[in-house]
Amino acid sequence: MLQSDLPVKDIASQCGFQSVHYFTRIFTRRLGVSPAKFRRSQFTEGRSGKEHFPPNMS
């Protein structure tokens, strides 16, 4: 997501989700933030060198 300008709906589809709404719900549940907000914050925080979100704890 961070290395693409594709819309979230296209990324969801490429990941096998038939619904962008379901993708957004699962993404938000796992990371605590929506995909769009994640992308925006990582872009701005990444430029400042800060780590805003913890690594995935699967």
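Here are some short exercises, each with a worked solution, on the predicted model shown above.

**Exercise 1. Getting your bearings**

Task: Find how many helices and strands the protein has, and the pattern they follow along the sequence.

Solution: Start by counting the elements: the protein has three helices and zero strands. Next, walk along the sequence, and the pattern you read is α-α-α. Now turn to the surface, where the protein exposes about 4700 Å². Carbon and sulfur atoms supply 53% of that area. Finally, look inside: of the 58 residues, 21% are buried.

**Exercise 2. The nonpolar core**

Task: List the residues of the largest nonpolar core, and work out which element gives the most to this core.

Solution: First, collect the members, of which there are seven: Val8, Ile11, Ala12, Phe23, Phe27, Val33 and Phe38. Second, ask which elements give two or more residues; these are α1, spanning 8-14, and α2. Third, compare the contributions: α1 gives the most, with three residues. To look closer at one member, take Phe27. Setting aside neighbours within four places in sequence, Phe27 is in contact with Met1, Gly32, Val33, Ser34, Pro35 and Phe38.

**Exercise 3. Met1 and its partners**

Task: Locate Met1, decide whether Met1 is buried, partly exposed or exposed, and find what Met1 touches.

Solution: Begin with the place: Met1 sits in the segment before α1. Its relative accessibility is 23%, so Met1 counts as partly exposed. Then check the contacts, leaving out residues up to four places away in sequence: Met1 touches Val8, Ile11, Phe23, Phe27, Pro35, Phe38 and Arg39. One of these partners deserves a second look. Met1 and Pro35 are 34 residues apart in sequence, while their C-alpha atoms are 8.3 Å apart in space. For the protein as a whole, take the contacts between residues at least 6 apart in sequence: 34% of them join residues at least 24 apart.

**Exercise 4. A charged residue inside**

Task: Work out whether Arg39 is buried or exposed, and which side chain of opposite charge is nearest.

Solution: Place the residue first: Arg39 is found in helix α3, residues 35-48. Then check its cover, and Arg39 turns out to be buried. Next, search for a partner of opposite charge: the nearest such side chain is Asp5, 6.2 Å away. A salt bridge needs the two charged groups within 4 Å, and Arg39 has none. Last, list what Arg39 touches beyond four places in sequence: Met1, Leu2, Ser4, Asp5, Leu6 and Ile11.

**Exercise 5. Two partly exposed residues**

Task: For Phe17 and then Thr28, find the place in the structure and the contacts beyond four places in sequence.

Solution: Phe17 comes from the loop between α1 and α2. With a relative accessible area of 25%, Phe17 is partly exposed, because partly exposed covers the range between the 20% and 50% cut-offs. The residues Phe17 touches are Ala12, Tyr22, Phe23 and Ile26.

Now move to Thr28, which is in helix α2, residues 20-31. Thr28 has 29% relative accessibility and therefore counts as partly exposed. Its contacts are Val33, Ser34 and Pro35. Looking at polar atoms, one in the side chain of Thr28 lies 2.7 Å from the backbone oxygen of Thr24. To finish, take Thr28 and Phe38: they are ten residues apart in sequence, and 9.1 Å separates them from C-alpha to C-alpha.

Key
Residues numbered from 1 in each chain as written. Predicted model: local features only at pLDDT ≥ 70, side-chain atom pairs only at ≥ 80, totals over all residues. Heavy atoms only, no water. Buried < 20%, exposed > 50% of the residue type's maximum accessible area, 1.4 Å probe, protein only. Contact = heavy atoms within 4.5 Å. Polar contact = N/O pair within 3.5 Å; in protein donor to acceptor, adjacent residues only side chain to side chain. Areas by Shrake-Rupley, 256 points an atom, 1.4 Å probe, with all protein chains shown as cover. Core = buried A, V, L, I, M, F, W, Y, C linked by side-chain atoms within 4.5 Å. Lys, Arg positive; Asp, Glu negative; His and termini not counted.
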